[in-house]
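Trainee: I have this one open and would like to go through it. Can we start with a loop and work from there?
Mentor: Fine, have a look first.

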Protein chains: 2
Amino acid sequence: MAAGIRLYIEGDLTAGAPVAVSADQAHYLGRVMRLGVGDAVTLFNGRDGEWRAAVARIDKRAADLMPETQMRPQAEAPGPWLAFAPVKKTGTDFIVQKATELGVSRLIPVATANTQTGRTKTDRLAATAVEAAEQCERLSVPEVSDMQTLDALMGAWPDDRRLFILDETGGGVPLAQALAGGIAGATGFLTGPEGGFSARELDRFAKLSFVTRVTLGPRILRAETAALAALVVAQAVAGDWK
Amino acid sequence: MAAGIRLYIEGDLTAGAPVAVSADQAHYLGRVMRLGVGDAVTLFNGRDGEWRAAVARIDKRAADLMPETQMRPQAEAPGPWLAFAPVKKTGTDFIVQKATELGVSRLIPVATANTQTGRTKTDRLAATAVEAAEQCERLSVPEVSDMQTLDALMGAWPDDRRLFILDETGGGVPLAQALAGGIAGATGFLTGPEGGFSARELDRFAKLSFVTRVTLGPRILRAETAALAALVVAQAVAGDWK
């Protein structure tokens, strides 16, 4: 478990230069956690590593924190991308939380033919990602993209980033085999909705040079389990768990 | 997604020999799903493979199903065991559901020094496992053991089953490396509570010849994420996802 309080902030972290926190964070530090001047907090911003800081000033709506010592440098390998068809609300929160713990660098909600949910709230998903990053001792927070159509995602996908599509219709390559020798941070994954991809979508994938269809074994995984499992395999065989 | 209704039953499955279902299952088939005589159901019992059956008789409290054709033989490789310190209620349900999807053969709730929850209800966990097995197209249901102490678990652990302990204090072997060349079904995993294992527990593990301490990367995974991730790696590198 993380020792003490760990916060993600936007500002730069450098020794002796105080940083302001948001009003919500000030409330959390002062009212919920009852910190006062001089108390210790751990900070990260995704660029400058992890810092031990002290509360320099705090009132109801604002607080300044003074970075004192860098505890860890910003040395994280970038994680894979995860594009996913949102599932019912708790499923989407679950995907964002677990994917953050598993080191994903970008989260992209995608509307596919069989996607049952409406638009996702990017702000809400981003807040879930920040909270998970604070708790799991990551040094970064994944970028959360606005929900987009599958066509838009495929159209803008970088040719040099291999996209592994989790396909329950079978015939794909076992994921650990597909990833062997690769680098997790140079890959992306796409998981479908509860009803799977449509035949037209599967046809389209077959024509895209950057796509590899992969399989996750003989049982039918729920959509959120498949998303999580793909990231686990990526980190275990081609990422920072090695 | 599973097509149609898929039920786990206790009775033997053989062509032409009708099997009775439980009162709850009869209610589900007749009242919830509104099946009548002649309608099709898929059955499995963990021993005789998967069968297509037809409703032979149905009323409010009972139903007989007639197995007609075996669709799949009972050919599953046995899965690993998972011993886990229960986390708050939804976390435990989550572990049982996902572990079943991931092919675990035995689930063992364990009371450790830092375990915060009280006794688990074995019946409730077993029902969650049955439901997950029905949905994920498994041919078996994992055995759910009564909650036991860590001492009892260690005392009764078979010497020839390697136990991988997920240890967040660091220093363990990366899990994919520890599992390489192994057979998932001959292994077991133990995941700790939210507060981790105690120093005394870690000392004890070091003295046990069947234990290997393993690590799951640089981030701190929640207890339920660690349990799931261990099973994913096992199936991907040493199990039936290969």
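Trainee: Where does B:Arg34 sit?
Mentor: B:Arg34 is in the loop of chain B between helix H1 (23-32) and strand S3 (40-44). Keep in mind that the model is predicted.

Trainee: What is the phi of B:Arg34?
Mentor: About 60 degrees, so positive, although B:Arg34 is not a glycine. Most residues other than glycine have a negative phi.

Trainee: Is B:Arg34 buried or exposed?
Mentor: Exposed, because B:Arg34 has 8 C-beta neighbours inside 10 Å.

Trainee: And A:Glu137, what is its phi?
Mentor: Phi of A:Glu137 is near 65 degrees, again a positive value in a residue other than glycine. A:Glu137 is in the loop of chain A between helix H3 (122-136) and strand S8 (143-144). With 18 other C-beta atoms within 10 Å, A:Glu137 counts as partly exposed.

Trainee: Changing topic. How is chain A related to chain B?
Mentor: A turn of 180 degrees with a shift of 0.0 Å along the axis lays chain A on chain B, at an RMSD of 0.0 Å. That is therefore a two-fold axis.

Trainee: Which residue of chain A comes closest to the rotation axis?
Mentor: A:Val233, with its C-alpha at 3.0 Å. Beyond its neighbours within four places in sequence, A:Val233 is in contact with A:Leu175, A:Ala176 and A:Leu179, and across the chains with B:Val232 and B:Ala236. A:Val233 is also among the residues that touch the most other members of the largest nonpolar core, which has 106 residues.

Trainee: How many residues of chain A are in contact with chain B?
Mentor: 32 residues of chain A, against 32 of chain B. H7(A) gives the most to that side of chain A, with 8 residues. By class, the side has 17 nonpolar, 6 polar and 9 charged residues.

Trainee: What does H7(A) pack against within its own chain, and at what angle?
Mentor: One partner is helix H2 (residues 89-101) of chain A; its axis and that of H7 (residues 223-238) come within 9 Å and cross at roughly 10 degrees. The two helices are therefore roughly parallel to each other.

Trainee: Which residues make that contact?
Mentor: From H2(A), A:Gly91, A:Phe94, A:Ile95, A:Lys98 and A:Ala99; from H7(A), A:Ala223, A:Glu224, A:Ala227, A:Leu228 and A:Leu231. The classes are 7 nonpolar, 1 polar and 2 charged residues.

Key. Residues are numbered from 1 along each chain as its sequence is written. Chains are lettered from A and ligands numbered from 1 in the order in which they are written. This is a predicted model: local features need pLDDT of at least 70, side-chain atom pairs count only at pLDDT 80 or more; totals for chains, interfaces and linings use all residues. Axes are lines fitted to C-alpha atoms, for helices over the stretch in contact, and angles run from 0 to 180 degrees between N-to-C directions. Helices (H or I, at least four residues) and strands (E, at least two) are DSSP runs, numbered from the N terminus. Angles under 35 degrees count as roughly parallel, over 145 as roughly antiparallel, 65 to 115 as roughly perpendicular and the rest as oblique. Two residues are in contact if their C-beta atoms, placed from the backbone, lie within 7 Å. Ala, Val, Leu, Ile, Met, Phe, Trp, Tyr, Cys and Pro count as nonpolar, Asp, Glu, Lys and Arg as charged, and the others, Gly among them, as polar. Copies are superposed by least squares on the C-alpha atoms of residues with pLDDT of at least 70 in both. A nonpolar core is a set of buried Ala, Val, Leu, Ile, Met, Phe, Trp, Tyr and Cys residues joined through C-beta atoms within 7 Å. A residue is buried if 20 or more other C-beta atoms lie within 10 Å of its own, exposed if 12 or fewer, and partly exposed in between; C-beta atoms are placed from the backbone.
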